[in-house]
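Dear colleague,

I am handing over the structure we spoke about, with the sequence alongside. Please look through both before reading on, and keep the viewer open while you do.

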Amino acid sequence: MSPSCSCSDVEAVVAEVVSRHAAGRGSLIPILQDIQEALGYLSPASLRALEKLTGISANEAYGVATFYTQFRFTPPGRHRVQVCNGTACHVRSGGQVTEEISRQLGVGVGETTPDGEFSLERVACLGCCALSPVVAVDGKVHANVTPKRVSFILKDGIGGGKGEK
Ligand code: FES
């Protein structure tokens, strides 16, 4: 679904997600995951719809979600840049790679560039630790990434949409 869908669309999506889960706070995380899967992010409207349907306040749901790096609170960009935050990538300078991507895109982790082109996410192990540190751009995994290779990866990953800075 488009991030610009109407409130009634959002309510319908959230209602469908809630209907697939058991009632109660124990289901909150899986519900939030499924809402994000369906809508691309946790919008204020989706959390208000969740409150209406479950009685779990939007503030509480937001507070819980902010504990987890997997949740987004802004619409995703057209191109999704995922930096691995798993142990193998972390010990092999994944943090420096993340900083360089953040610098080149001009946004922090969990944010989307103002033109809507890129969103930057930090994710758990991407499952290819021997190739660490790794970065995925629109699902394409790049291995042994260094800060110097970041601009190439961003260009290669999306077909030349972002140049060197
Ligand atoms: S820790 Fe990064 S791929 Fe496993």
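What follows is an account of the chain as a whole, then of the helices, the sheet and the loops.

Please bear in mind throughout that this is a predicted model. The secondary structure of the protein chain amounts to 7 helices and 4 strands, and these follow one another along the sequence in the pattern α-α-α-α-β-α-α-β-β-β-α. Taken along the principal axes, the C-alpha atoms occupy a box of roughly 50 × 30 × 20 Å. The chain is divided into domain 1, which covers residues 7-67, and domain 2, which covers residues 79-157; the centres of domain 1 and domain 2, taken over C-alpha atoms, are separated by 28 Å.

Turning to the helices, I looked at the packing of α3 (residues 44-54) against α4 (residues 58-65), whose axes are 8 Å apart and meet at an angle of about 120°. An angle of this kind falls outside the range of 65 to 115 degrees that counts as roughly perpendicular and is not over 145 either, and α3 and α4 are therefore oblique to each other. The crossing in which α3 passes α4 is right-handed. On the α3 side the contact is made by L47, R48, L50 and E51, while α4 contributes A58, A61 and Y62. Sorted by character, the residues of this contact comprise 5 nonpolar and 2 charged ones, with no polar residue among them.

The strands form an open sheet of 4 strands with mixed pairing, in the order β2-β1-β3-β4. The edges are taken by β2 and β4 (140-142), each of which pairs on one side only, and neighbouring strands of the sheet are turned against each other by 20° on average, with direction ignored.

Going through the pairs one by one, strand β1 (residues 79-84) runs parallel to strand β2 (residues 118-123) and is joined to it by 6 bridges; within this pair, H79 has F118 of β2 as its bridge partner. With strand β3 (residues 135-137), by contrast, β1 runs antiparallel, and 3 bridges join the two, V81 having V137 of β3 as its bridge partner. The pairing of β3 with β4 is likewise in the antiparallel sense and extends over 3 bridges, with A136 standing opposite V141 in β4. The sheet also has a helix lying across it, since helix α6 (residues 94-105) lies across β1, β2 and β3 and runs at about 155° to β1.Two details of the backbone in the loops deserve a look when you check the geometry. A cis peptide bond joins S132 and P133, with omega at about -5°, and P133 has its place in the loop between β2 and β3. D138, although it is not a glycine, has a positive phi of about 50°, and this residue is found in the loop between β3 and β4.

Which strands would you turn to in order to find the edges of the sheet? They are β2 and β4, and I would suggest starting there and reading across the order β2-β1-β3-β4.

With best wishes

Definitions and conventions: Residues are numbered from 1 along each chain as its sequence is written. This is a predicted model: local features need pLDDT of at least 70, side-chain atom pairs count only at pLDDT 80 or more; totals for chains, interfaces and linings use all residues. Axes are lines fitted to C-alpha atoms, for helices over the stretch in contact, and angles run from 0 to 180 degrees between N-to-C directions. Angles under 35 degrees count as roughly parallel, over 145 as roughly antiparallel, 65 to 115 as roughly perpendicular and the rest as oblique. A crossing is left-handed if the near helix is turned anticlockwise from the far one by less than a right angle, and right-handed if clockwise. Two residues are in contact if their C-beta atoms, placed from the backbone, lie within 7 Å. Ala, Val, Leu, Ile, Met, Phe, Trp, Tyr, Cys and Pro count as nonpolar, Asp, Glu, Lys and Arg as charged, and the others, Gly among them, as polar. Two strands pair if DSSP finds at least two bridges between them. Domain bounds come from an automatic or database domain assignment.
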